[in-house]
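Subject: Handover of a structure for your review

Dear colleague,

Please find below the structure that I would like to pass on to you. My notes on it follow directly after.

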Amino acid sequence: RLIETKYSTTTLVHQPARQLLSQMPSTAQKPSNSKPGDSKTNRQNSHDIWRLIETKYNNASSSSTDNSELTASESKKQEVIETNILFVGSASSGKSSLLHKVLLRQSASAPVEPSIALEYTYGRKEDGYKLFIAHFWELAGGTSLASLTNEIINAQNIHTYALVLCLDLTNPQALLTDLFPLIHHIEKHANAAYDLMRAHNSKLPQKIMDRATKRFGHSHPDLDKVHFVAGIPLIIVANKYDKFQQMYSPQHLKVMAQTLRYLAHMHAATLIQMDLSNDAQHDNAQLQQHKAFRQIMNNIMFAGPLTNDLRAPHTDTTLGPVRVLAGTDSLKSIGPPSVRVSSQQHSSSGSASVLDSVLKNHPYIQQEYLQMFASVFNIAKSNVNSASNPLAPTQLNLSAYPEPQVDAMRTQKDEELQMLKTELRRTEQQARQKSKAHKNAT
């Protein structure tokens, strides 16, 4: 009883002492030359239980070590596949809602906080011996903080990136002020990374471009005309479709769809028009678009399949929002610009200089489509902010993030700057008066 009480609950022994005692040799198995009163035999029998405990413990430890080694061996076989998804686009274009409500499937009624600077989250999925990890990056502020993308895209991970570019359909000029500058900035930075890799005799840049060509289609008739954005998969999401549909005529919807289709096709991109408002959660057409977007992203992140229905282009604006996968559209299907704009109309519209700055960095784009777009949506130079330098920092509203000491110093410096400007104006005025008096005297 003492032995059983003492060892039945110990962590070193994995069975009660009663069972250990039952496994010990019985007295009938004592050596034939031993005598019941032989003290030497009794000592040997008394030591057997300790040897048995020690043996059991060693066996358990050995088994545990073998299992841990087996687990480690199995974990080494698990393949880790990482993907980086970068969400960029116009300010308030629905990037956060797209990420949290559609992709991560948070509650539709849950509020989505506006993103700040560059935000990060991730998702993971295990599939047998494969572990998929998707890193989500969301760039806030439209084009004003585009330089932050330089901190996360580098030569080591550029082959894992996909780009989701969000546009606000209710703000048509964003097509010129946001889409083109963001594409140009990311492509420029990616090409710099490729140059660094080629300097070290890396073949990865060519493999990335080959992968992009395969994704678009080696036999596509427009293969020699399209421009791959550094081989990075690009998804253009045109958001706020329902509001856009209410604000504009069917002709505007047709021109917007044709222009977006052309630009997406020329960048070997996927195009999808969506609406992320709470009302859209009850719209069957929009729910289908949400499902399609998740399927597209699942294919990029986890190598999921694409259904035949998704591969079929939805291009008829009278039937609902447009959806076209990369490589499934064509210039023949898109057709020439549906609205002709004469050179005289284009020059008088005031958008000529804006389009010239776009075409300078994107010479593969036919200006007729952009001229049609600018004319129909009445986009003039005065409507486009910072057109000459679209990546120039914008004035940020920091009232939501008060810092008493910083704000007080900022107020003081603003007052000092205003006093300095007043003094300079006074000095310039006095100098002009002296100059005028000197001329009158002569």
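Contact here means that heavy atoms lie within 4.5 Å. With that meaning, 72% of the contacts in the chain between residues at least 6 apart in sequence join residues at least 24 apart. Please note that this is a predicted model.

**Overall composition**

The chain has 442 residues, and 39% of them count as buried. Its secondary structure comprises 15 helices and seven strands. The accessible surface of the chain is about 25900 Å², and carbon and sulfur atoms account for 51% of that area.

**Helix packing**

Two helix pairs deserve a description. The first pair consists of helix 5 (residues 174-199) and helix 6 (residues 204-216), whose axes are 8 Å apart and form an angle of about 130 degrees. Helix 5 is therefore oblique to helix 6, because angles that fall outside the ranges for roughly parallel, roughly antiparallel and roughly perpendicular count as oblique. On the helix 5 side, the residues in contact are Tyr194, Met197 and Arg198, and they meet Leu204, Pro205 and Ile208 of helix 6.

The second pair is helix 4 (residues 95-103) with helix 9 (residues 284-302), packed at an angle of about 90 degrees with axes 10 Å apart. Helix 4 is therefore roughly perpendicular to helix 9, since that term covers angles of 65 to 115 degrees. Here Leu98, Val102 and Leu103 of helix 4 meet His290, Phe293, Arg294, Met297 and Met301 of helix 9.

A residue of helix 9 also illustrates how the fold brings separate parts of the sequence together: Lys291 lies in this helix, and its C-alpha is 9.2 Å from that of Leu103, although the two residues are 188 apart in sequence. Lys291 has a relative accessible area of 49% and is partly exposed, because the partly exposed class runs from 20% to 50%.

**Salt bridges**

Side chains of opposite charge can pair when their charged atoms come close. The criterion applied is a side-chain nitrogen of Lys or Arg within 4 Å of a carboxyl oxygen of Asp or Glu, and by this rule the count comes to nine salt bridges. Three of them are described below.

In helix 5, Arg198 and Asp195 are three residues apart, and so about one helical turn separates them. Their side chains meet in a salt bridge with an N to O distance of 3.3 Å. Both partners are partly exposed: the relative accessible area is 44% for Arg198 and 47% for Asp195. Arg198 is also among the residues of helix 5 that meet helix 6.

The other two are found in helix 15, which spans residues 404-441. Asp414 and Arg410 are four residues apart in this helix, about one turn, and their side chains form a salt bridge at 3.4 Å, N to O. Asp414 is partly exposed, with 37% relative accessible area. Glu416 and Lys413 are three residues apart in helix 15, again about one helical turn, and the N to O distance in their salt bridge is 3.6 Å. Glu416 is partly exposed at 37% relative accessibility, and Lys413 is partly exposed at 45%.

**A nonpolar surface patch**

Which residues form a nonpolar patch on the surface? They are Leu417, Leu420 and Leu424, which together have about 280 Å² of accessible area. Leu420 belongs to helix 15. With a relative accessible area of 49%, Leu420 is partly exposed, and it therefore passes the requirement of over 30% that applies to residues in a patch.

**Backbone points to check**

Two residues other than glycine have a positive phi. Ala117 has phi near 55 degrees, a positive value, and is located in the loop between helix 4 and strand 2 (118-127). Its relative accessible area is 30%, so Ala117 is partly exposed. Ala303 has phi near 60 degrees, likewise a positive value, and is placed in the loop between helix 9 and helix 10 (308-311). At 61% relative accessible area, Ala303 is exposed, because the exposed class begins over 50%.

With kind regards

Methods
Residues numbered from 1 in each chain as written. Predicted model: local features only at pLDDT ≥ 70, side-chain atom pairs only at ≥ 80, totals over all residues. Heavy atoms only, no water. Patch = residues over 30% accessible without salt bridge, like charges linked within 9 Å, V, L, I, M, F, W, Y side chains within 5 Å. Areas by Shrake-Rupley, 256 points an atom, 1.4 Å probe, with all protein chains shown as cover. Buried < 20%, exposed > 50% of the residue type's maximum accessible area, 1.4 Å probe, protein only. Axes fitted to C-alpha atoms, helices over the stretch in contact; angles between N-to-C directions. Parallel < 35°, antiparallel > 145°, perpendicular 65-115°, else oblique.
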